[in-house]
Amino acid sequence: MRIIDVLRKLVFPPEIKCVVCGKDLPEWRLCNACFPTLFSEREGRCVKCGRAIFGEGRYCMSCKDNEYSFERVLGAFDYTNSTVGLIYNFKFGNGKYLAKFFADEMAKKADAFNVHFDCIVAVPVTDKVKKKRGFNQSYLMAKRISETRGISLSENLVKTRDTEEQARLDYKARATNLERAFAVPDKKEFIGKRVLLIDDVYTTGATSNECAKTILKAGALEVYVLVAAVTPQRTVVEKRI
């Protein structure tokens, strides 16, 4: 290998690139030009789930038509355009290093809840899924947020059975698919606590809602949801048709 190639790899390691445009970066994996493409401030936001909505109103169509067990959802980014590839790389492209990036941006959003959280818990996966993927992406983000914010990390939420891929199901089937799929082993840990639930993407709310219901049944006061990305209103409408 030529000396110039060795030096180039030392200065710009091959794994340190902007995951959106591929530009070499000395320190981080998202360049300044691509960062703004991950979140839009132009549209309004649903006060319940935090997704971008179009037109007037405080709630998206999904939150108008359904009741959810969680208090509120906030996302670091919108699940559109560049973010789709970023999330995919994180979950399926051996992009574990992106956990820190997402978690730090999510932690900034968490301040908007203006709530003192007693513990953080990640949306769990089954052992089968974890073995196949190598990790639980939600847990990695939850662990980072716990460390940086000084909030206790709980593992007292487990997934008891494998379910169909949510992305393959329509709106109603998603909720049915997850019924009684989660459990709380320690029946006393969540009693009287405000819990921050961590997930990667908020789409229809089925996963967040089922997890929140399970945690509330275990005695928690409230459950708030913090995600890496939320889908816009139009995506949910398409899923429901």
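Of the 35 residues in the largest nonpolar core, which touch the most other members? The close-ups below start there and move on through this predicted model.

**View 1. The largest nonpolar core, with its best-connected members.** Phe102, Met106, Phe113, Met141, Leu196, Ile198 and Leu226 are the ones that touch the most other members of this 35-residue core. Seven elements each supply at least two of its residues: S3, helix H3 (82-92), helix H4 (98-110), strand S4 (119-122), helix H6 (137-149), strand S8 (194-202) and S9. H4 is the top contributor, giving seven residues.

**View 2. The surroundings of Phe102.** Let's zoom in on one of those well-connected side chains. Setting aside neighbours within four places in sequence, Phe102 is in contact with Phe77, Leu86, Ile87, Phe90, Met141 and Ala228. Elsewhere there is a second, separate core of 30 residues, and Cys60, Val121, Ala206 and Val225 are among them.

**View 3. The open sheet and its two edges.** Here five strands line up in the order S3-S9-S8-S4-S5, with parallel pairing. S3 and strand S5 (153-154) are the edge strands; each has a single partner, so one side of each is left without a neighbour in the sheet.

**View 4. Strand S3 alongside S9.** Five bridges connect S3 and strand S9 (residues 222-230), in the parallel sense. Within this pair, Leu74 stands opposite Leu226 in S9. Is strand S3 (residues 73-78) mostly covered or mostly open? Mostly covered: six of its six residues are buried. A handy reminder for this view is that side chains in a regular strand alternate between the two faces of the sheet.

**View 5. Strand S4 alongside S5.** At the other edge, S4 and S5 run parallel and are joined by two bridges. Look for Val121, which stands opposite Ser154 in S5.

**View 6. Helix H8 packed on the sheet.** Helix H8 (residues 206-217) touches S4, S8 and S9, and its direction makes about 160° with that of S8. At 1.5 Å a residue, the 12 residues of H8 should span 16 Å, and the end C-alpha atoms are 17 Å apart, which agrees. How many of its 12 residues are buried? Nine are, so to speak, tucked away, and H8 is mostly covered. The buried set is Ala206, Thr207, Ser208, Asn209, Glu210, Cys211, Ala212, Thr214 and Ile215. After the helix comes Gly219, with a positive phi near 105°.

Notes:
Residues are numbered from 1 along each chain as its sequence is written. This is a predicted model: local features need pLDDT of at least 70, side-chain atom pairs count only at pLDDT 80 or more; totals for chains, interfaces and linings use all residues. Side-chain values use heavy atoms; hydrogens and water are left out. Buried means under 20% relative accessible area, exposed over 50%, partly exposed in between (1.4 Å probe, protein chains only). Helices (H or I, at least four residues) and strands (E, at least two) are DSSP runs, numbered from the N terminus. Two strands pair if DSSP finds at least two bridges between them. A nonpolar core is a set of buried Ala, Val, Leu, Ile, Met, Phe, Trp, Tyr and Cys residues joined through side-chain atoms within 4.5 Å. Contact means heavy atoms within 4.5 Å. Axes are lines fitted to C-alpha atoms, for helices over the stretch in contact, and angles run from 0 to 180 degrees between N-to-C directions. The expected span of a helix is 1.5 Å times one less than its number of residues.
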